[in-house]
Amino acid sequence: MHTLKVTQIGNSLGVILPRQVLAQLALEKGDALYLTASADGVRLTPHDPAFEHQMEQARKIMKERRAVLRELAK
């Protein structure tokens, strides 16, 4: 567990993520983080939840229509 302190950054407020957290999330300067609400607070993730949902649907369709995709690939 990491305790983060809210600090002033220019005219805004923000938190600074420890180096270990940045390494764990494989984040570098300029990368995007996505904040979503969860049952017990908020969740920070480097993966876009909307895109992840779209990919799940695409995988499902590709699995169901495998034969059609093989024919189209010829």
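Helices and strands are here runs assigned by DSSP, of at least four and at least two residues respectively, numbered from the N terminus. On this basis, the predicted model of the protein chain contains 3 helices and 4 strands. Read from the N terminus, these elements follow the order β-β-α-β-β-α-α.

The overall dimensions of the chain were examined next. Along the principal axes, the C-alpha atoms occupy a box of roughly 55 × 30 × 25 Å. The radius of gyration of the protein chain is 19 Å, whereas a compact globule of 74 residues would have a value near 11 Å. Of the 74 residues in the chain, 7% are buried.

At the N-terminal side of the topology, strand 1, comprising residues 6-9, pairs with strand 2, comprising residues 12-15. The pairing is antiparallel and extends over 4 bridges. Within this arrangement, Val6 has Val15 of strand 2 as its bridge partner, and Gln8 is matched in strand 2 by Leu13. The two strands form a hairpin in which 2 residues separate strand 1 from strand 2. Gly10, located in the turn, adopts a positive phi of about 65°.

Beyond the hairpin, Leu17 is situated in the loop that joins strand 2 to helix 1. Leu17 is classed as buried because its relative accessible area is 19%, and the limit for this class is under 20%. The C-alpha atom of Leu17 lies 19 Å from that of Asp48, the two residues being 31 positions apart along the chain.

A positive phi is also found at a residue other than glycine: Ala26 has a value of about 55°. Ala26 belongs to the loop between helix 1 (19-25) and strand 3 (34-38). With a relative accessible area of 63%, Ala26 is exposed, since the exposed class begins over 50%.

The largest pocket encloses about 210 Å³ of space. Its lining includes Val15, the strand 2 residue that is the bridge partner of Val6, and Leu17, the buried residue of the loop between strand 2 and helix 1. The other lining residues are Ile16, Leu22, Leu27, Glu28, Lys29, Asp31, Leu33 and Leu44. By residue class, the lining comprises 7 nonpolar and 3 charged residues, with no polar residue.

Side-chain ionic contacts were also surveyed. A search of the whole structure returned 1 salt bridge. The side chains of Glu71 and Lys74 form a salt bridge, with a nitrogen-to-oxygen distance of 3.3 Å. Glu71 counts as exposed because its relative accessibility is 52%, which is over the 50% limit. Lys74, the partner of Glu71 in the salt bridge, is likewise exposed, with a relative accessible area of 77%.

Conventions:
Residues numbered from 1 in each chain as written. Predicted model: local features only at pLDDT ≥ 70, side-chain atom pairs only at ≥ 80, totals over all residues. Heavy atoms only, no water. Buried < 20%, exposed > 50% of the residue type's maximum accessible area, 1.4 Å probe, protein only. 1 Å grid on protein atoms, 1.4 Å probe; cavity = no way out; pocket = protein on both sides within 12 Å on 5 of 7 lines; lining within 4 Å. Points joined across faces, edges and corners; volume = space filled by probe spheres on them. Nonpolar A, V, L, I, M, F, W, Y, C, P; charged D, E, K, R; others polar. Pairing = 2+ DSSP bridges. Salt bridge = Lys/Arg side-chain N within 4 Å of Asp/Glu carboxyl O. Rg over C-alpha atoms; globule rule 2.2 N^0.38 Å.
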